[in-house]
Amino acid sequence: MTNHPVLSVHKISMRFGGLNALNKVSLQVFPREIAALIGPNGAGKTTFFNCVTGIYKPSGGYIELNGPDLRPKRINGLKPNLITRSGLARTFQNIRLFENMSVLENVMVGCHCRTTSNFLNAIIQTSSFKKEEQGVIEKSYELLKLVGLQGSANLSAKNLPYAEQRSLEIARALATEPRLLLLDEPAAGMNPQETTKLDQLIMKIRERFNLAVLLIEHDMKLVMRISDKVFVMAQGEKIAEGTPGEIQNNPRVIKAYLGEEVDVVS
Ligand SMILES: Nc1ncnc2c1ncn2[C@@H]1O[C@H](COP(=O)(O)OP(=O)(O)O)[C@@H](O)[C@H]1O
Ligand SMILES: [Mg+2]
């Protein structure tokens with residue numbers, strides 16, 4: 001592990017009218033790290049992802065993503081597609097697939113963030129376009145295989161069972177070749193067997209692509225099993241950071257969860 005973080009967030013704030021959804025939140029994620037962002041509902045976790053991925057523009061602070069050359073690049077204010085190209089991909093709490101496209105086509109859309117053929121080449125089907133497209137299809141099949149969906153490539157995305165739609169979102173995100181992958185509640189709606197498979201998938205992805213993962217998750221067992229580091233948010237602020245063991249014993253964290261159904265100490 002190097003000393004250079006892949007993501008460095010410096011005191012970002014986000015206001016919605018009178019609500020401080022994020023108040024000077026800072027955190028760093030290092031290469032190959034699996035980090036979790038936890039906290040009660042409404043803590044600001046998704047808002048944090050939305051700021052980091054360019055969906056919202058933070059009202060204060062800044063965000064740096066380290067390039068392969070280890071030079072930090074400021075990404076706040078950039079449009080989401082440019083942030084994706086800079087090496088940051090995500091999945092959504094409310095699944096956002098292209099429902100009427102096939103499973104394979106959904107992954108191909110992700111690949112196109114890295115292809116060079118332009119619209120005109122595509123229309124007139126130049127040979128370079130066809131060659132590039134063939135590569136995209138092969139890469140997309142590989143990614144479907146990785147997440148266990150190769151047998152469903154030609155199904156309509158909307159016909160996949162829920163847990164498989166979440167896996168497909170991960171495959172599509174990986175197709176953009178990220179150095180950091182953000183997952184917003186990847187285990188939501190999954191049964192225990194599906195969650196165990198997700199554990200393995202996340203670890204496998206880290207090994208295969210050498211990437212870092214930051215995940216928002218309510219399933220504390222999953223968080224404790226796979227995370228190297230945990231960040232805890234409550235009411236728009238980061239209230240703790242540490243290893244899973246440190247977090248489980250932190251009184252501030254336990255207090256933040258009082259009244260929630262999630263059992264942080266289980
Ligand atoms: N677009 C928005 N407009 C107004 N308020 C918002 C918006 N998005 C989120 N919020 C509010 O910000 C707070 C944090 O929400 P969110 O980031 O979704 O929390 P979490 O993901 O931790 O459950 C909540 O009070 C939520 O209602
Ligand atoms: Mg959320």
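Colleague: What makes the side chain of Tyr56 a polar contact of ligand 1?

Modeller: In this predicted model, an N or O atom in the Tyr56 side chain is 3.0 Å from a nitrogen atom of ligand 1. The cut-off for a pair of N or O atoms is 3.5 Å, so the pair counts as a polar contact.

Colleague: Which atoms of ligand 1 do Lys45 and Thr47 approach?

Modeller: Oxygen atoms, in each case. An N or O atom in the side chain of Lys45 is 2.8 Å from an oxygen atom of ligand 1, and for a polar side-chain atom of Thr47 the distance to an oxygen atom of the ligand is 2.6 Å. Both residues belong to the surroundings of ligand 1, which also include Phe16, Pro40, Gly44 and Thr46.

Colleague: Why are Thr46 and Gln93 called donors to the magnesium ion?

Modeller: Thr46 through OG1 and Gln93 through OE1 coordinate the magnesium ion (ligand 2) at 2.1 to 2.3 Å. The limit for this metal is 2.8 Å, so both atoms qualify as donors. The two residues are 47 apart along the chain, with Thr46 in helix α1 (residues 45–52) and Gln93 in the loop between β6 (88–90) and α3 (103–111).

Colleague: Why are Thr46 and Gln93 called partly exposed?

Modeller: Thr46 has a relative accessible area of 26%, and Gln93 has 30%. Buried would need under 20% and exposed over 50%, so both fall in between.

Colleague: How do you know whether Leu214 is buried or exposed?

Modeller: Its relative accessibility is 0%, and the cut-off for buried is under 20%, so Leu214 is buried. Leu214 sits in strand β8 (residues 212–216). Leaving out residues up to four places away in sequence, Leu214 touches Val29, Phe48, Leu181 and Phe231, among others.

Colleague: What makes the 50 residues of the largest nonpolar core a single set?

Modeller: They are buried residues of nonpolar types joined through side-chain atoms within 4.5 Å, and therefore count as one core. Ile38, Leu168 and Leu215 have the most contacts inside this core. Helix α6 (residues 162–174) gives the largest share, six residues, and at least three residues come from each of domain 1 (1–87 + 178–266) and domain 2 (98–177).

Colleague: Which residues is Leu168 in contact with, beyond its neighbours within four places in sequence?

Modeller: Among them are Leu97, Val103, Asn106, Leu144 and Leu160.

Colleague: How many residues does the second core have?

Modeller: This separate core has 28 residues, including Leu27, Ala43, Ile63 and Leu180.

Key
Residues numbered from 1 in each chain as written. Chains lettered and ligands numbered in written order. Predicted model: local features only at pLDDT ≥ 70, side-chain atom pairs only at ≥ 80, totals over all residues. Heavy atoms only, no water. Buried < 20%, exposed > 50% of the residue type's maximum accessible area, 1.4 Å probe, protein only. Helix = DSSP H or I, 4+ residues; strand = E, 2+ residues; numbered from the N terminus. Domains from an automatic or database assignment. Contact = heavy atoms within 4.5 Å. Donors = N, O, S within 2.8 Å, 3.2 Å for Na, K, Ca; no water. Near = heavy atom within 4 Å. Polar contact = N/O pair within 3.5 Å; in protein donor to acceptor, adjacent residues only side chain to side chain.
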